[in-house]
Structure formats: C-alpha cells, structure tokens
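The exercises below ask you to read contacts, packing and symmetry from a set of coordinates, and each is followed by a solution worked in steps.

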2 protein chains.
Amino acid sequence: MSIDSDSVSPPGNAPSRGSRRADDTRARLLHAAEATFSAKGFHGTTTRDIARAAGISPTALYVHHSSKEELLYLISRTGHEQALQVVRDALRSSEDPVVRLRAMVHDFAMYHARSHVMSRVVNYELAALSGDHLDEILAIRREITEEMRSLVDGGIAAGAFDPPDRRLAVAALISLGVDIARWYRDDGVPPERIADAYAAMAVRFMRPN
Amino acid sequence: MSIDSDSVSPPGNAPSRGSRRADDTRARLLHAAEATFSAKGFHGTTTRDIARAAGISPTALYVHHSSKEELLYLISRTGHEQALQVVRDALRSSEDPVVRLRAMVHDFAMYHARSHVMSRVVNYELAALSGDHLDEILAIRREITEEMRSLVDGGIAAGAFDPPDRRLAVAALISLGVDIARWYRDDGVPPERIADAYAAMAVRFMRPN
DNA sequence: GCATCGACTGAACGATCATTCATGGGAATA
DNA sequence: TATTCCCATGAATGATCGTTCAGTCGATGC
C-alpha cells in the first residue's frame, strides 16, 4: 500500500492546520520519497529527485519538512506502526495458537508483499536515521518481536508448538515476512499465494513432530 | 569471513604482476570497502572513508582500483561466488534429499552468519552496481536459485519433500539464509546454533505430512 | 652508489549535494 | 474588489563528493 492521505498530518516543520493543498503536497512528497528511497536508497536519493517525483521545486520540500531525514523518519514510523498493527490484529483473531500463527504469518507476508516499496525503506534504510529517530523506530521493532515471541511461547506452553529453538523460530518468522520486501516483484507471485504458502510452512515447522 | 588475500589479484586498473606491498594494500582496501559499505551503504560511504579505514590517502585508492563502483563490484562478485560454492558443495555431499537439504540450509546459514558483513553488501547494495556489472552478478544469483530449485524438485520427485508451493519453498529457503545478514550480531546467537535450528526447521516444512 | 620504477601523496577540480533566503503569486476571506 | 498570508519559487551558499594531476619517496636491480 503505502501512506494513506489521512495519516499525513502536521510534521515537525509545517503549521498545525494544513490547507487541503498543503496536505496534498505533503502526501505527494511522502509518496515520492518512499518510491525514490526504495529504488535508490536514502543516500542515493537527492532532494531534487524527491521534489521532481512529487512535481514541485526542490525548495518546496522544506516548506513541509525540515529535512530529507525527516521524510525517512516519517516513512519509517508509519511503516513500522502499520506492521505492528498487522501483527497485533492477527494475534487478536483467535485463541488457538495454530490459528493465530497462521493468521499472523499470512497477514505479515501480505503486508510486506503489498507494501513492498515502503517495506524496503522501512527495513533497509534504518542506518540513515538520526540517533533519536532510530531509537524510536527500534522501540517499535522490539514491540513487533515481542508480539511474535509471545505467540511462539504461548503456543509452546499450550503444547501446540515445538520448534527446535524458540528464539530462532521467532527470527525465522520475521525473516520470512521481511525478506519478501527484498525479492517481491509486482509481476511475480501474487501476495495471496505467498501468504498462504508461508502460513502453511510456518505451521509445519512450528508444530510438534 | 570476507575476502581472502589470495583472491585479491589484478583488478581492472592495476598492473598484472603486483608486488607484495601492492597486494597487501589491495586487500586492505577491499576489507575497508566491505566494512564501510556494510555499515553505511554504498552511497553513504565516501572514498575518503574507505581510504581512511585502509590507512592510505584517498588518492591511493585509484592506484589499485578504477572507481568506487569497482570495489563494490569486486566485493559483490567474490561474495556471490562464495555463496554459490557453499550451496554447490552442500548439494554434492549426499544423494539423499533430506541430507542434502539439511546440509544446504545449514551451510548457507553458516555462511551468511559468518560473512554477515560482506553478505549485507552483497544482498542490499545491488542497485548501486553499473549495468554490466549488475548483469554479471544477477547471473550468479540465478545460478544459486537454480541449485536450490533442483534440490527442491529432486526431493519432490523422490517423494522426500511435499512443500505447499515449490516455488515459494525455494524463496523461503533463500530468505532464511539471506536475511541472517540483516539481523545477525556478533554478540548474539552463534552461527552454529542458527544453522542447526534453521536446518531442522527447513526439513520440517519440506517433509511430507 | 646510482638510476629506475612502482607505490603513494597533497593539492586541486568541477560537479553536485542539502539547505537557505528573499521574493512572488494566487486562493480564501472580507 | 481588495487584502491577507500560505504556498511555492529561482538563485545562491558552503560543504563535500569522486576523481585527476603533478609530483615525492623508497625499495630494487645494476
């Protein structure tokens, strides 16, 4: 997907009450940054690239955002919050560990396939964030890991899971989802098929023999 | 691991017969580039960063290599060739599909954990390669995928594997290995434990129910 | 002991970078 | 219609980029 226009609100620089025009420009700016960061990386992208893709002058970028890094931060935060929400919603869908696991892996994979442009930025451009911003993002990442861990531990406690290593089972579940952002292509395997297959494989390697 | 000194030979720019001193500098340059590209990305790294890490002047870089991109190319090529070799060696180790799968996942994981610095460059900086260099690297990547596919298809034909989707089973096997380069930390879970757990999980999700 | 030559360097170049500044235009309000 | 002020701009700034150039240095061969 990417950034919804209703999630585009007053960032650090701009006035609190944005006009419709300003909100629209802000949204286009974020989409443009998302696409260029994803394709060329943060350091490989110039503010002129972003401005051109958004259809404005390089200067106008600074009317809405205080820096190029702020754009990366906003994209990272939105993406991480969305991913955390996806995981939490899936875990709320049932009490049965196997059903929850299937839903979580399925939805996590779906999210990374459909939002692969944003997810590439979210997962591979972390090093370009400023110290404070990075700390905030890492906190959200820890929450995602924590949700996964609670799913795995709960399933083990209930006798529904028996992975060879609970910590590495969590790592594997995350890797299967995150790495989709790296290899996914729009003209390849459709998201739904990826999600179904990955959910099935995850259930298999978590289930007791 | 990283680059062995014996794999450091005449690159594009330098004379064919290198002195011991030149070979040593070349090797330090490649190690330095590997480390900085891995930490800050290709575009986030300056030639001055690399030179400083190698203990030489920025100018000396061009005595041994024609450009910054050439360094990335040499690292990418070495890394991909090593990964392909790891996969091929593992597949040669047995005729039994399950044994081969276990060896392949184990060794592929070991390689990405031990060479995580290089593997980050290899897997996440492809976009910075020049057109010709990228084509050459992508050809090696296709060979790696092809080896994995033959393993999976062979196992299915022999009745030893029954994954929910053979194409996505290959994707999952690659993701488990590659993504280690993203999350691995030297002070975390040791490579051998990762490799064992991943091999066990892979066997579980490939085996018929 | 001297000449040679490969390895290396400091200074510099043009290009391009993120960002700022002074200013203009146009939509919304009165 | 007149006024206001947000949104946007062209031009410019200092910094930094990848790379080149004209040499220096020190080890090696005679």
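**Exercise 1.** Determine which residues come nearest to DNA strand C and what kind of surface surrounds this strand.

*Solution.* Step one is to collect the residues near the strand, where near means that one heavy atom of the residue lies within 4 Å of it. There are 20 residues around DNA strand C, and the nearest of them are Tyr62(A), Thr25(B), Ser57(B), Thr59(B) and His64(B). On the DNA side, 57% of the atoms of strand C that come within 4 Å of the protein belong to sugar and phosphate.

Before going on, note that this is a predicted model, in which local features need pLDDT of at least 70 and side-chain atom pairs count only at pLDDT 80 or more, whereas totals for chains, interfaces and linings use all residues. Residues are numbered from 1 along each chain as its sequence is written, chains are lettered from A and ligands numbered from 1 in the order in which they are written, and side-chain values use heavy atoms, with hydrogens and water left out.

Step two assigns the surface to secondary structure, with helices (H or I, at least four residues) and strands (E, at least two) taken as DSSP runs numbered from the N terminus. At least two residues each come from α2 (47–54) of chain A and from α1 (20–40) and α3 (61–64) of chain B, and α1(B) gives the most, with 3 residues.

Step three sorts the residues by class: Ala, Val, Leu, Ile, Met, Phe, Trp, Tyr, Cys and Pro count as nonpolar, Asp, Glu, Lys and Arg as charged, and the others, Gly among them, as polar. The surface near strand C then has 6 nonpolar, 10 polar and 4 charged residues.

**Exercise 2.** Find which atoms of DNA strand C are approached by the side chains of Arg48(A), Lys68(A) and Arg48(B).

*Solution.* The criterion is the polar contact, a pair of N or O atoms within 3.5 Å. A side-chain N or O atom of Arg48(A) is 3.0 Å from a base nitrogen of strand C, and for Arg48(B) the distance to a base nitrogen of this strand is 3.5 Å. The side chain of Lys68(A), by contrast, has an N or O atom 2.9 Å from a phosphate oxygen.

**Exercise 3.** Repeat the analysis for DNA strand D, beginning with the residues that come nearest.

*Solution.* Thr25(A), Ser57(A), Thr59(A), His64(A) and Tyr62(B) come nearest among the 20 residues around strand D. Sugar and phosphate make up 58% of the strand D atoms that come within 4 Å of the protein.

Turning to polar contacts, a backbone N or O atom of Ser57(A) lies 2.7 Å from a phosphate oxygen, a polar backbone atom of Thr47(B) is 2.9 Å from a phosphate oxygen, and a polar side-chain atom of Arg48(B) lies 2.9 Å from a base nitrogen. Two or more residues of this surface are given by each of α1 (20–40) and α3 (61–64) of chain A and α2 (47–54) of chain B. The largest share, 3 residues, comes from α1(A), and the classes are 6 nonpolar, 10 polar and 4 charged.

**Exercise 4.** Describe how helix α5 packs against helix α8 in chain B.

*Solution.* Two packed helices are described by the angle between their axes and the distance between the axes. Here axes are lines fitted to C-alpha atoms, for helices over the stretch in contact, and angles run from 0 to 180 degrees between N-to-C directions. Helices α5 (residues 97–114) and α8 (residues 166–178) of chain B pack at about 35 degrees, with axes 8 Å apart. Contact (heavy atoms within 4.5 Å) joins Leu101(B), Met104(B), Val105(B), Phe108(B) and His112(B) of α5(B) to Leu173(B), Ile174(B), Gly177(B) and Val178(B) of α8(B). These residues divide into 7 nonpolar, 2 polar and no charged.

**Exercise 5.** What rotation and shift superpose chain B on chain A?

*Solution.* Superposing by least squares on the C-alpha atoms of residues with pLDDT of at least 70 in both copies gives a rotation of 180 degrees with 0.0 Å of shift along its axis, at RMSD 0.0 Å. The two copies are thus related as by a two-fold rotation axis. Since 100% of the interface residues of chain B are also interface residues in chain A, the copies meet through the same surface.

Notes: A polar contact is a pair of N or O atoms within 3.5 Å; within protein, one must be able to donate a hydrogen and the other to accept it, and residues adjacent in sequence count only if both atoms are side-chain atoms.
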